[in-house]
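Please open the model in a viewer and keep the sequence panel visible. The tour below proceeds by selection, with a short description at each stop.

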Amino acid sequence: MKLGQVASAARDIFSARLVYGEPVERDGVVVIPAAAVFGGGGGGADDTGALPVREGAGFGVLARPAGAFVVRAGSVTWVPAVDVTRLGLAAALTVVALAKILAKRTKA
C-alpha cells in the first residue's frame with residue numbers, strides 16, 4: 001500500500017461516524033451513542049530515487065464511550081457515560097493523598 005493510499009484510508013476512518021453511533025429507536029425514544037476519539041499518525045518516504053523505494057506510514061486511534069444523546073418527547077438530553085475504572089482510580093488516589101496528609105499532620 002502506497003503512502004497516499006494510507007493517508008486516504010485514514011481520512012475515511014477519522015469521520016463523524018467514528019464519534020457518533022447509529023441511532024437506536026425504541027418506544028418513541030431515540031438514543032444516539034457518542035464517543036471521545038483521539039488519533040494521530042505520520043509517515044515518510046525516501047525520495048532519493050534509489051531502489052528499493054522506502055516509504056512508510058502509521059496511525060492509531062483511541063476511542064472511549066462519552067455518553068449518548070437521548071431524544072424523547074421533542075427534547076434532547078445528554079446522558080454521560082460513567083467510566084467505573086476511572087472513578088475507582090480517582091477514589092484510590094484520593095485515599096492515598098488523604099492518608100499522606102493525615103500522616104504528616106500526626107507527625108507534626
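**First stop: the hairpin of β3 and β4**

Begin by selecting strands β3 and β4, which form a hairpin with two residues between them. In the turn, A73 has a positive phi of about 55 degrees. The model is a predicted one, and the angles and distances quoted on this tour are computed from it.

Stay with A73, which lies in the loop between β3 and β4. A73 is a residue other than glycine, and its phi is nonetheless positive. Is A73 buried or exposed? With a relative accessibility of 79%, A73 counts as exposed, because the cut-off for that class is over 50%.

Now display the backbone of both strands. Six bridges pair β3 with β4 in the antiparallel sense. To find one matched position, select V70 and look across to β4, where T77 stands opposite.

**Second stop: the hairpin of β1 and β2**

Select β1 (residues 24-26) and β2 (residues 29-45); these strands run antiparallel and are joined by three bridges. R26 is a useful landmark here, as V29 in β2 stands opposite. β1 and β2 also form a hairpin with two residues between them.

Which residue in this turn has a positive phi? The residue is D27, with a phi of about 55 degrees. D27 is placed in the loop between β1 and β2, and its positive phi occurs in a residue other than glycine. D27 is exposed, since its relative accessible area is 75%.

**Third stop: the sheet as a whole**

Add the remaining pairing to the view by selecting β2 together with β3 (residues 55-72). The two strands run antiparallel and are joined by 16 bridges. Two positions help to follow this pairing: I32 has F69 in β3 as its bridge partner, and G44 has G56 in β3 as its bridge partner.

With all the strands shown, the sheet can be read across. Four strands form an open sheet in the order β1-β2-β3-β4, with antiparallel pairing. At the edges are β1 and β4 (75-80), each of which pairs on one side only. From one strand to the next, the twist averages 25 degrees. When side chains are switched on, a general point is helpful: in a regular strand, side chains alternate between the two faces of the sheet.

**Fourth stop: the aromatic residues**

Keep F69 selected and add Y20 and W78; the three residues form one aromatic cluster. How many aromatic pairs does a search of the whole structure find? The search finds two. In one of them, the ring centres of Y20 and F69 are 6.4 Å apart and the planes stand at 35 degrees, so the pair is tilted. This pair links distant parts of the chain: Y20 is in the loop between α2 (16-19) and β1, whereas F69 is in strand β3, 49 residues apart.

Colouring by accessibility adds a further detail. Y20 counts as partly exposed, at 43% relative accessibility, and F69 counts as partly exposed at 28%.

**Fifth stop: the largest pocket**

Next, display the surface and select A36, F38, R64, P65, A66, A81, V82, D83, R86 and L87, which line the largest pocket. Its volume is about 190 Å³. The elements that each give two or more residues to this lining are β2, β3 and α3 (84-107). Which element supplies the largest share of the lining? That share, three residues, comes from β3.

**Last stop: the whole chain**

Finally, zoom out and show the entire protein as a cartoon. The secondary structure comes to three helices and four strands, which follow the pattern α-α-β-β-β-β-α along the sequence. Of the 108 residues, 6% count as buried.

Colour the cartoon by pLDDT before closing the session. The protein has a mean pLDDT of 83, and 86% of its residues reach 70 or more. Confidence is highest in β1, at 95, and lowest in helix α1 (residues 3-13), at a mean of 67. Where pLDDT is low, the predicted coordinates should not be read in detail.

Note on methods: Residues are numbered from 1 along each chain as its sequence is written. This is a predicted model: local features need pLDDT of at least 70, side-chain atom pairs count only at pLDDT 80 or more; totals for chains, interfaces and linings use all residues. Side-chain values use heavy atoms; hydrogens and water are left out. Two strands pair if DSSP finds at least two bridges between them. Rings of Phe, Tyr and Trp (its six-membered ring) pair if their centres lie within 6.5 Å; planes under 30 degrees apart count as stacked, over 60 as edge-to-face and the rest as tilted. Buried means under 20% relative accessible area, exposed over 50%, partly exposed in between (1.4 Å probe, protein chains only). pLDDT is the predictor's confidence in each residue, from 0 to 100. Axes are lines fitted to C-alpha atoms, for helices over the stretch in contact, and angles run from 0 to 180 degrees between N-to-C directions. On a 1 Å grid over the protein atoms alone, a cavity is a set of points where a 1.4 Å probe fits but cannot get out, and a pocket is an open set with protein on both sides within 12 Å along at least five of seven lines; lining residues have an atom within 4 Å of a point. Grid points are joined across faces, edges and corners, and a volume is the space filled by probe spheres set on the points.
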